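Visitor: I've got a model open and a few things to ask. Can you walk me through it?

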Amino acid sequence: MQKLLGAEKYLRESLSYNGKIEYVKHHLAHMASSYYLSGHKEAALVSLDGLGEIESTVIGVAKDNKIEIIKSVDFPHSLGMLYTSITNYLGFNSGSEGTLMALSSFGNENAIVPNGTMKGESYIDIFNDIVNIEEGEMYTLNLSYFNFPYTKYGWVSDKFTNIFGPHKKYNDETTEHHRNIAAGLQKIFEKAYIHTIQFCQKQTNMTNLSLAGGSALNCVANGKIKSNSDFNDIYIQPATNDGGTSIGAALWLAHQKNKSLPISTYQDTTYLGPSFSNDKIKEVLDLKGVKYKRVDDPSREAAILLSEHKVIGWFQGRMEFGPRALGNRSILGNPSKNSTKDFINKEVKHRESYRPFAPSVLQEHVEDYFEVDQDSPFMLIACNVNKKNRRKIEAIIHVDDTARIQIVTEARNKKYYDLIEYFYQLTSIPVVLNTSFNDKGEPIVCSPEDALNTFDNTNLDALFLGHYMVTSS
């Protein structure tokens, strides 16, 4: 309560606000953030997170503007904390769960664990003991493998390290053993994740699903929902992590206080952040003494450079809300050669070589390249890449032949759509490689100053800021 009071004091002082402050429960805010933006009048609701108040997973149902909580899983049983625990064990910082998800595709969960106390057991055998999934319920964790709820120190227990060995340090070599652990984790996570969603469907008898929570950033698991459930439409809020609870809380309270608001409005864009005029960008460039060129059609000029296998920074319009760069604060590359992926990982983003990149694809050509049966505007669904066109876009294909796609339409982002369309005209490929505009360990760039600083510290060939182009030469 002291922390809440401290936060309230900070808000009042920083905003000079003397009005009423209302509190919305964590998972209710997650659910509201997805339901009220989904376009669904009725929907099943699932919120999966590390921890919010006492709950880690909550299922519910939404009808006619009302959200009803049906059932929850409480801490210390938590799929989010399970994933964070193994992320920590394998030497990554909290927040690097996506890196571990990428690593998991290189492992084999069916391999036999070497030198452990459970002789002859496979990695998935042990993870099946760690997570208990029962018919008619959701899931529980075998807490003997963890140090919480009593302490988060070390996260996993001696029992876990007796089987899998000591914690990996960040700079230690990533071995086949580590990759297999990541694979076992991902498989059991998917199993429990899909089971929870199936359980929710049985409890609600709904055909629409609104999904939120930090665990819903696991695009590999998300890509398996449609084929493993009877949900017709699935909506995942773009800022599905805790950042999205801010709009969820606001939406929930707005709908409680104003019953005449539309029940739900479909939101397929996330360009809600700050933007900077060309005059402001020019002012920054002049102030920093940067040489630049004004271009009438930055989409066309950028597409030409991409067709020549240049790697560019793309800074346009309003910044994206949420953890994904969706064509306004992006680093872009030509997807046709694996060397582009290797170059960006090593020389631009300075990160692990196994990290994949996402494709942005024109909606009209999605089915020619990707096996996906639902819209994917927010880069939150992984799907298989069509065999017939894999050689054309090898830089965006992960080791398991999947890709985390962003479907681009003219209505969502005309300037970005035009860039990909120009690139398609030049190369016959309606896809570009897209990754967030930041160096490893840094947030996505927000301002022109941020973009210039990142440009100076990476090996990008060019930077497009509004109608201005800066080159490295």
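Guide: We can take helix packing, then the cavity, then some loop residues.

Guide: This is a predicted model, where local features need pLDDT of at least 70, side-chain atom pairs count only at pLDDT 80 or more, and totals for chains, interfaces and linings use all residues. Residues are numbered from 1 along each chain as its sequence is written, and side-chain values use heavy atoms, with hydrogens and water left out.

Visitor: Start with helix 4. Which residues of helix 4 are buried?

Guide: Glu 97, Thr 99, Leu 100, Met 101, Ala 102, Leu 103 and Ser 104. Buried means under 20% relative accessible area, exposed means over 50%, and partly exposed is in between (1.4 Å probe, protein chains only). Helices (H or I, at least four residues) and strands (E, at least two) are DSSP runs, numbered from the N terminus.

Visitor: Why call helix 4 largely enclosed?

Guide: Because 7 of its 8 residues are buried.

Visitor: What do the buried residues of helix 4 pack against?

Guide: Helix 3 (79-89), helix 7 and helix 8 (219-222).

Visitor: At what angle do helix 4 and helix 7 cross?

Guide: Roughly 105°. The axes of helix 4 (residues 97-104) and helix 7 (residues 176-204) come within 8 Å. Axes are lines fitted to C-alpha atoms, for helices over the stretch in contact, and angles run from 0 to 180 degrees between N-to-C directions. That crossing makes helix 4 roughly perpendicular to helix 7. The classes: under 35 degrees is roughly parallel, over 145 roughly antiparallel, 65 to 115 roughly perpendicular, and the rest oblique.

Visitor: Which residues make that contact?

Guide: Helix 4 gives Leu 100, Met 101, Leu 103 and Ser 104. Helix 7 gives Arg 179, Ala 182, Ala 183, Leu 185 and Gln 186. Contact means heavy atoms within 4.5 Å. The residues of this contact divide into 6 nonpolar, 2 polar and 1 charged. Here Ala, Val, Leu, Ile, Met, Phe, Trp, Tyr, Cys and Pro count as nonpolar, Asp, Glu, Lys and Arg as charged, and the others, Gly among them, as polar.

Visitor: New topic. How many cavities of 30 Å³ or more?

Guide: The structure holds 1. On a 1 Å grid over the protein atoms alone, a cavity is a set of points where a 1.4 Å probe fits but cannot get out, and lining residues have an atom within 4 Å of a point. Grid points are joined across faces, edges and corners, and a volume is the space filled by probe spheres set on the points.

Visitor: How much space lies in the largest cavity, and what lines it?

Guide: About 70 Å³. The lining has 14 residues, with Asp 268, Tyr 271, Pro 377, Gln 406 and Arg 412 nearest the centre. Strand 15 (residues 406-408) gives the most, with 3 residues. The lining divides into 7 nonpolar, 5 polar and 2 charged.

Visitor: On to backbone oddities. Where is the cis peptide bond at Pro 76?

Guide: From Phe 75 to Pro 76, with omega near 15°. Pro 76 is in the loop between strand 3 (66-74) and helix 3.

Visitor: And what is the phi of Asn 205?

Guide: Positive, about 55°, although Asn 205 is not a glycine. It sits in the loop between helix 7 and strand 6 (208-212).

Visitor: Is Asn 205 buried or exposed?

Guide: Exposed, at 67% relative accessible area. Asp 401 also has a positive phi, about 70°, and is not a glycine. Asp 401 is partly exposed at 31%.

Conventions. On a 1 Å grid over the protein atoms alone, a cavity is a set of points where a 1.4 Å probe fits but cannot get out, and a pocket is an open set with protein on both sides within 12 Å along at least five of seven lines; lining residues have an atom within 4 Å of a point.
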